[in-house]
Amino acid sequence: MPASIASWPDGLALALAPLLLIYAALHDVAVRTIPDTVPAALAVLGLGVHLADHMLPAALLAATLLGIPLLLCWLRRWLGGGDVKLLVALALLLRPDHVVPAIVTVAGSGVLLALPYCALRHRIAAPPARRPAAFLARIWRAERFRLRRGGPLPYGLAIAAGGLLELIRR
């Protein structure tokens, strides 16, 4: 299949997937969860794309082979459940030969995400006691609290960055 849009499922996926990934990243930053509807929608898009391009068995195999070690990471509490679902759905959406490069890109994005968290953890001032009215100010206040206590990273941000980069490569 050529790199251009070959079918309407592919075009729909290329239009909606970036929006879904950005939404997942922003939701993860704000409240540290990824809504189940996002991986479900990405998986449905991936199924449609791979039914149209006749690569469904290879895509299912790639997603399964990625899902097994991710499940073990979730069991060890190294990754959140939303992160695992988002990664598997992303693997199902991407061409099977793009899954490994996407995981490498996600890992690199995760390192870039972790650097400021590690560097700022003991240097950032405590958040103000009063809750600000503005939405972004409230998110920044919550993030400062999470930074100071060593809370979890919003890894959905790294997953979205890796997924967006792989969709651009497509």
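Which residues in H5 are buried? Keep that question in mind while you open the structure, which is a predicted model, and begin the tour by selecting residues 99-120, the stretch that makes up helix H5.

**Stop 1: helix H5**

Helix H5 has 22 residues, and from its first C-alpha to its last it reaches 32 Å, close to the 32 Å expected at 1.5 Å a residue. Now colour Val99, Ala102, Val106, Ser109, Gly110, Leu113, Ala114 and Tyr117 within H5, for these are the buried residues that the opening question asked about. To see what they pack against, add helix H3 (56-75) and helix H4 (81-93) to the view, and then helix H6 (135-149) and helix H7 (155-169), since the buried residues of H5 pack against each of these four helices.

**Stop 2: two loops**

Next, select His54, which is found in the loop between helix H2 (37-52) and H3. His54 has a positive phi of about 60 degrees although it is not a glycine, and with a relative accessible area of 70% this residue is exposed. Then move along the chain to Arg77, whose place is in the loop between H3 and H4. Arg77, which is not a glycine, has a positive phi of about 65 degrees, and its relative accessibility of 76% means that it counts as exposed.

**Stop 3: the largest pocket**

From Arg77, turn to the largest pocket, where about 220 Å³ of space lies. Select Leu79, Gly80, Asp83, Pro152 and Leu153, which are the closest to the centre of this pocket among the 13 residues that line it. If you colour the whole lining by class, you should find 6 nonpolar, 3 polar and 4 charged residues.

**Stop 4: the cysteines**

Finally, show Cys73 and Cys118 with their side chains. How many disulfides does the structure hold? The structure holds 0 disulfides, and for Cys73 the nearest cysteine sulfur, that of Cys118, is 18 Å away. A disulfide needs a pair of cysteine sulfur atoms within 2.5 Å, so a distance of 18 Å leaves Cys73 in no disulfide. Looking from the other end, Cys118 is in no disulfide either, and the nearest cysteine sulfur to it is that of Cys73. Is each of these cysteines buried, partly exposed or exposed? Cys73 counts as partly exposed because its relative accessibility is 21%, where buried would need a value under 20%. Cys118, with 59% relative accessibility, counts as exposed.

Terms used: Residues are numbered from 1 along each chain as its sequence is written. This is a predicted model: local features need pLDDT of at least 70, side-chain atom pairs count only at pLDDT 80 or more; totals for chains, interfaces and linings use all residues. Side-chain values use heavy atoms; hydrogens and water are left out. The expected span of a helix is 1.5 Å times one less than its number of residues. Buried means under 20% relative accessible area, exposed over 50%, partly exposed in between (1.4 Å probe, protein chains only). Contact means heavy atoms within 4.5 Å. On a 1 Å grid over the protein atoms alone, a cavity is a set of points where a 1.4 Å probe fits but cannot get out, and a pocket is an open set with protein on both sides within 12 Å along at least five of seven lines; lining residues have an atom within 4 Å of a point. Grid points are joined across faces, edges and corners, and a volume is the space filled by probe spheres set on the points. Ala, Val, Leu, Ile, Met, Phe, Trp, Tyr, Cys and Pro count as nonpolar, Asp, Glu, Lys and Arg as charged, and the others, Gly among them, as polar.
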